Each structure stands twice: as C-alpha cells, then as structure tokens.
Amino acid sequence: MKFAALGKAKKIGLALGLTVLLNVPVMSLVSAAPSIDYHVWSLQQPDGSTISSSQLVSGYTSKYFYTASDGGQAFMDPKTGTTTSGSSHPRSEMREQTTSGSNAAWSWTGTNTMANTAAVTLQGGGSSGSTTIGQIFNSTDSIPLVELEYEASPNSNGGNFKLLYEEAKGAGTYTDLSTKAALGSKFTYEMSLTGGVATVKINGSQVFSKKPSFSGKQFYFKTGNYDQTATSGSVSTTPYTIVELYSVNVVHN
C-alpha cells in the first residue's frame with residue numbers, strides 16, 4: 001500500500017478521548033511496485049543468461065535486475081560482460097514474448113505500441129556514454145528498425161535522446177531528437193509501428209515518424225538497458241549504467 005505524503009503533524013482521536021500527534025514524513029512510506037506485466041517478457045543479462053517470463057513472474061532478481069529504492073525496476077549493465085549473437089555490447093534488456101511464452105513476432109500492419117515511464121540513473125559510470133532504452137526490432141532480418149538511445153555528456157547533469165533508424169543491415173542513420181531529460185529524472189516514451197509507420201514520442205510529444213520502404217516483415221519490442229559503450233569482456237557486477245522502468249504498457253490490435 002502506498003501512503004499519501006503529508007507535510008504536517010496530524011491529530012488522531014482515540015477511543016479513550018486521547019489525542020496523539022503523528023509526524024508523517026513528506027516522502028511516501030512505501031514505494032509503488034513497477035507496473036510491468038512480466039508474462040510477456042524474457043530477460044537477457046550481461047552474464048550470458050536468459051531469464052524466462054515464468055521466472056520473472058515468480059519474482060526473479062539479480063545483480064543486474066532488481067527493484068530500486070524508489071520502486072523502479074532497475075536494469076544494470078556493467079562495463080564488460082557477455083554479448084549476444086551479432087552484438088559487441090552486453091545488455092540487461094527484456095525481449096517481448098507472447099502470452100504462451102514464445103518469442104513475439106507481429107506484423108507491422110496493425111496497431112503496435114509500447115509506452116513506458118523510465119529514468120536513466122547512472123550512465124557510463126557517471127562520466128559519459130549512450131545506452132539504448134527501447135527498440136522496435138526487425139525479427140525477419142535480425143536487425144533493429146528503431147533504437148531509442150539516451151546519451152549523457154561528460155560532467156553533465158542531463159542527457160539527450162537520439163535515434164538509430166535501420167532498414168537494411170549496416171545502413172542505419174542517427175537522428176538527434178533535440179529532447180533532453182536530466183540524469184535521474186523520470187520521462188515517458190512511446191514507440192509505435194502502426195499502419196506501417198514508425199513513430200516515437202517523448203513526454204507526449206512526437207519526435208520522429210517514418211514509413212519504412214519495405215513490407216511483409218515481422219517485429220517485436222525490446223526495453224531496458226543495452227549500453228552502447230559497454231564491451232565484451234570478463235563478466236563484472238560493478239554498475240556502469242542503470243536504467244529504471246516504472247511502467248511498461250504494450251498494446252497490439
């Protein structure tokens with residue numbers, strides 16, 4: 001239960017007619033749990049392990065995946081770790097599943113939206129770097145169609161969003177989205193592939209829209225922490241980048 005925050009002492013009358021003063025902290029006494037349906041996600045970790053949706057539903061935690069003190073679902077990526085096939089970067093990232101537990105793969109012709117509330121609380125060990133926080137992944141060609149990245153500059157208190165768009169392998173281009181969010185602050189983002197058009201919104205404002213030139217392919221969503229400056233190497237448990245997710249909402253129609 002999440003208690004309402006009050007800033008003043010409050011009088012409570014007891015049955016015996018006594019009055020007790022309770023000093024309720026300004027901050028909530030209990031943090032809300034993240035709003036994520038783990039039934040439709042699996043987790044890839046930088047130690048090379050893959051965690052199933054059933055394990056996530058059962059309350060799985062690790063050095064790379066845990067509930068943060070503010071109630072967010074933390075995804076921690078170290079500076080070095082095990083990489084997945086076709087990538088040179090380790091990741092602590094969820095991959096979309098179907099309700100039956102198989103890998104999701106949906107057509108771009110319908111309504112396909114992922115809307116998340118997130119925060120990047122540590123970036124590149126506190127100095128710099130860029131991490132992918134959400135993807136529309138092309139399952140047919142095994143490449144990302146859209147990668148939304150959060151980029152922090154050295155000694156800055158904020159970060160900028162940029163986007164990788166890739167229709168053909170090795171032919172991706174970056175777009176500076178000219179949208180900022182301070183390191184540690186909450187923001188919302190929405191990634192959609194609906195009616196054959198890819199769009200991205202940050203804090204409710206559309207920042208990107210493009211219609212791919214191909215058709216007939218299948219896709220799935222990814223979200224979490226896929227650090228673009230972390231590298232393959234000995235598996236570490238020292239935090240390098242941390243992304244928190246407070247809510248994840250996926251809709252397919």
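Start at the hairpin of S15 and S16. Two strands, with 2 residues between them. Gly195 takes a positive phi there, near 60 degrees. Keep in mind that this is a predicted model. Strand S15 covers residues 187–194. S15 and S16 run antiparallel and are joined by 6 bridges. For one register point, take Glu190: this residue stands opposite Lys201 in S16.

Now follow Lys201 to the other side. Its bridge partner in S17 is Gln206. So what is the sense of pairing between S16 and S17, and over how many bridges? The sense is antiparallel, over 5 bridges, with S16 at residues 197–202 and S17 at residues 205–210. Another register point is Thr199, whose bridge partner in S17 is Ser209.

S16 and S17 form a hairpin too, again with 2 residues between the strands. Which residue in this turn has a positive phi? It is Asn203, at about 50 degrees. Asn203 is not a glycine. It sits in the loop between S16 and S17. Is Asn203 buried, exposed or partly exposed? Its relative accessibility is 45%, so Asn203 counts as partly exposed.

There is another non-glycine residue to flag. Ser142 has a positive phi of about 55 degrees. Look for Ser142 in the loop between S11 and S12.

Next, the sheet around those hairpins. What is the strand order? Reading across, we get S5-S6-S20-S10-S15-S16-S17. That is an open sheet of 7 strands, with antiparallel pairing. S5, at 65–67, and S17 are the edge strands, and each pairs on one side only. On average, neighbouring strands are turned by 25 degrees against each other, direction ignored. On side chains, a general reminder: in a regular strand they alternate between the two faces of the sheet.

Inside that order, look at S10 and S20. S10 spans residues 112–122 and S20 spans residues 241–252. They pair in the antiparallel sense, over 10 bridges. To fix the register, use Ala119: the bridge partner in S20 is Glu244.

Just past this strand we reach Asn253. It lies in the segment after S20. With 69% relative accessibility, Asn253 counts as exposed. Which residue, 142 residues apart along the chain, has its C-alpha atom 4.9 Å from that of Asn253? The answer is Thr111.

On to the rings. The count is 13 aromatic pairs. Take Trp106 and Phe219. Their ring centres are 6.0 Å apart and their planes are at 35 degrees, so this pair is tilted. Where do the two residues sit? Trp106 is in strand S9, residues 106–107, and Phe219 is in strand S18. They are 113 residues apart, so to speak a link between distant parts of the chain. Buried or exposed? Trp106 is buried, with a relative accessible area of 9%. Phe219 counts as buried as well, at 0% relative accessibility.

Compare the geometry of Tyr150 and Phe161. This aromatic pair is edge-to-face, with 5.5 Å centre to centre and 80 degrees between the planes. Tyr150 belongs to strand S12, and Phe161 to strand S13, residues 158–165. The two are 11 residues apart, and the pair links distant parts of the chain. Both Tyr150 and Phe161 are buried.

Which residues do ring pairs link into a cluster? They are Trp106, Trp108, Phe214, Phe219 and Phe221.

Last topic, the largest pocket. How much space lies in it? About 470 Å³. The lining has 25 residues. Nearest the pocket centre lie Gly86, Ser87, Arg91, Phe137 and Tyr226. Which elements give two or more residues to the lining? Strands S3 (41–44), S11 (129–138), S12 (143–152) and S18 (218–227). By class, the lining counts 5 nonpolar, 14 polar and 6 charged residues.

Two of those strands we have met already. S12 holds Tyr150 of the edge-to-face pair. S18 holds Phe219 of the tilted pair. That is the tour.

Key:
Residues are numbered from 1 along each chain as its sequence is written. This is a predicted model: local features need pLDDT of at least 70, side-chain atom pairs count only at pLDDT 80 or more; totals for chains, interfaces and linings use all residues. Side-chain values use heavy atoms; hydrogens and water are left out. On a 1 Å grid over the protein atoms alone, a cavity is a set of points where a 1.4 Å probe fits but cannot get out, and a pocket is an open set with protein on both sides within 12 Å along at least five of seven lines; lining residues have an atom within 4 Å of a point. Grid points are joined across faces, edges and corners, and a volume is the space filled by probe spheres set on the points. Helices (H or I, at least four residues) and strands (E, at least two) are DSSP runs, numbered from the N terminus. Ala, Val, Leu, Ile, Met, Phe, Trp, Tyr, Cys and Pro count as nonpolar, Asp, Glu, Lys and Arg as charged, and the others, Gly among them, as polar. Two strands pair if DSSP finds at least two bridges between them. Axes are lines fitted to C-alpha atoms, for helices over the stretch in contact, and angles run from 0 to 180 degrees between N-to-C directions. Rings of Phe, Tyr and Trp (its six-membered ring) pair if their centres lie within 6.5 Å; planes under 30 degrees apart count as stacked, over 60 as edge-to-face and the rest as tilted. Buried means under 20% relative accessible area, exposed over 50%, partly exposed in between (1.4 Å probe, protein chains only).
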